[in-house]
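User: Got a model open here and want a quick tour. Can we go through a few spots together?

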Amino acid sequence: MERTSARSGHLPVMYRQVLEGLRVHGNGAYLDGTFGRGGHARGVLSQLQAGGRLLVMDKDPEAIAVAEREFGDDARVSIYRGSFADLAHWDATAAGLDGVLLDLGVSSPQLDVAERGFSFGKDGPLDMRMDPDSGHSAAQWLASAGEKEIADVLWTYGEERQSRKIARAIVARRDAQPLTRTAQLADLIASVMPRGDQKIHPATRSFQAIRIFINRELADLELGLDAALARLKPGGRLAVISFHSLEDRIVKQFILRHAKAPPANRRMPVEIAFTPDLLMIGGAQKAEYDETSENPRARSAVLRVAEKLGFGIRDSGFDEASDHPASLEPISNPQSPIPAPPQGGAA
C-alpha cells in the first residue's frame with residue numbers, strides 16, 4: 001500500500017512496466033494523479049520533448065512542494081493540489097490526455113514520518129490524512145463514530161475478522177481515555193487480538209481500513225477512473241498500480257466493464273449493442289523478483305493497463321456538454337457495500 005520515494009535509493013514501484021504501459025511519446029500529454037515524490041513523473045518527463053505536457057496532482061501539500069521545487073520552472077509541467085478524483089475539473093486536462101497514471105495507496109514519505117500518523121510502527125498523532133488540511137483525522141472520527149460503524153469500516157476496508165471485538169474495545173477505551181496516538185491504538189488492538197501464528201502486526205488491517213476510510217480512497221478511485229476515461233484521447237493509456245485486493249478489484253472490474261460486453265441474458269428478447277471504450281493491454285502485472293528482493297513493499301503491487309478506444313464516453317458519468325460529473329458520488333458500483341465516507345472528509 002505504499003509508493004516508494006524517488007530519493008530513497010529505489011526506483012518507484014514497477015517503474016519500467018509503468019513507462020512501457022503508458023507508451024510515452026515526445027509531444028503527448030500525461031497526468032500523474034499521485035505524484036508522491038515524483039519518481040514516475042520524472043520518468044515520463046525524461047521522454048517528453050518541448051511540445052509535451054506533464055500534469056501532476058497530489059492531495060499532500062508536501063508532495064506538491066516537492067513538485068513545485070523541482071518542476072516549477074519547467075514550461076512542460078503543470079501542478080495541481082487535489083485528488084485525482086477531480087482531474088476532469090482541472091482545466092489543464094480539457095484538451096485531452098495521452099496517458100493517466102494512478103499509483104494508489106500511501107507513499108513511503110507519508111508512512112515513514114511519525115507525525116503523519118499512518119504507521120503503527122512509529123508513535124505519532126493519530127491523523128492518517130493524506131491532506132492534513134482537509135477533513136477529520138482518524139482520532140476525531142474514532143472519538144465519535146458508533147461501534148457498528150467502526151466495525152463495518154474495519155471489516156469492509158481491512159477484511160479484519162475481529163472487527164467487532166476491536167470496535168468494542170475502541171469504544172470502551174475512548175470512554176476512559178481519548179485515543180490520540182498511533183501507539184495507543186496499535187497497543188489496544190494487539191491486546192484484544194488472538195495471538196495465533198500471524199506474521200503481520202495485529203493492527204495492520206485496522207490501520208489500513210481506517211486510512212482508506214478517512215481518505216475516501218475507494219470512492220476517489222471510482223470517480224478517478226471515470227474521470228480518466230472521460231479525459232483520455234483515443235489511443236491514450238490508463239495505468240493503475242494497486243496494492244491490495246479492494247483497489248485491484250475496482251480497477252479490474254472497471255476495465256472489464258468498458259472492454260467486454262456483459263454476459264448474454266437469455267431472457268432478454270433483444271440483444272443490447274455493446275461498443276467497448278477500453279482495450280485491455282495484457283493482464284495483471286506483478287513486480288519482478290529483482291525489485292521485490294530490494295523493495296519488499298513492491299511485493300503486493302499489481303499493475304493494470306488499458307487503452308481508450310473511439311470517442312465515446314458512454315457510462316463515464318460525465319456530461320459531454322459540461323465536462324463535469326453528473327454526480328459527485330461514485331457511479332462505478334451504485335450497489336457498493338462500502339460505508340459512506342466521513343462527512344467533511346478529504347476530497
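**A buried aspartate, a strand and a helix pair**

Analyst: Let's start with D248, which is buried, with a relative accessible area of 14%. Keep in mind that this is a predicted model.

User: Why does D248 count as buried?

Analyst: Buried means under 20% relative accessible area. D248 has 14%, so it counts as buried.

User: Which helix is D248 in?

Analyst: D248 is in helix α11, residues 245–259.

User: And what does D248 contact, leaving aside its neighbours within four places in sequence?

Analyst: S242, V302 and R304. V302 and R304 belong to strand β10 and point one way from that strand.

User: OK, β10 then. How many of its residues are buried?

Analyst: Seven of the seven, across residues 302–308. The strand is therefore largely enclosed by the rest of the structure.

User: Which way do the β10 side chains point?

Analyst: V302, R304, A306 and K308 go one way. L303, V305 and E307 go the other way. Both sets are buried, and that includes the charged residues R304, K308 and E307.

User: Which strands pair with β10?

Analyst: Strand β7, residues 232–242, pairs with β10 in the antiparallel sense over six bridges. Strand β8, residues 278–280, is joined to β10 by three bridges, also antiparallel. Strand β9, residues 285–286, has two bridges to β10 and runs antiparallel to it.

User: I want landmarks to click on. What are the bridge partners of L238, L279 and K286 in β10?

Analyst: From β7, L238 is bridged to A306. From β8, L279 is bridged to E307. From β9, K286 is bridged to V302. V302 is also one of the contacts of D248.

User: Switching topic. How do α8 and α9 sit relative to each other?

Analyst: Helix α8 covers residues 182–192 and helix α9 covers residues 204–214. Their axes come within 9 Å and cross at roughly 130°.

User: Why are they called oblique?

Analyst: Roughly perpendicular stops at 115 degrees, and roughly antiparallel needs over 145. The crossing angle is roughly 130°, so α8 and α9 are oblique to each other.

User: Left-handed or right-handed crossing?

Analyst: The crossing of α8 and α9 is right-handed.

User: Which residues meet there?

Analyst: From α8, T182, L185, A186 and I189. From α9, S206, F207 and I210.

User: How many are nonpolar, polar or charged?

Analyst: The contact of α8 with α9 has five nonpolar residues, two polar and no charged.

Definitions and conventions: Residues numbered from 1 in each chain as written. Predicted model: local features only at pLDDT ≥ 70, side-chain atom pairs only at ≥ 80, totals over all residues. Heavy atoms only, no water. Axes fitted to C-alpha atoms, helices over the stretch in contact; angles between N-to-C directions. Helix = DSSP H or I, 4+ residues; strand = E, 2+ residues; numbered from the N terminus. Parallel < 35°, antiparallel > 145°, perpendicular 65-115°, else oblique. Left-handed = near helix turned anticlockwise from the far one by under 90°. Contact = heavy atoms within 4.5 Å. Buried < 20%, exposed > 50% of the residue type's maximum accessible area, 1.4 Å probe, protein only. Pairing = 2+ DSSP bridges.
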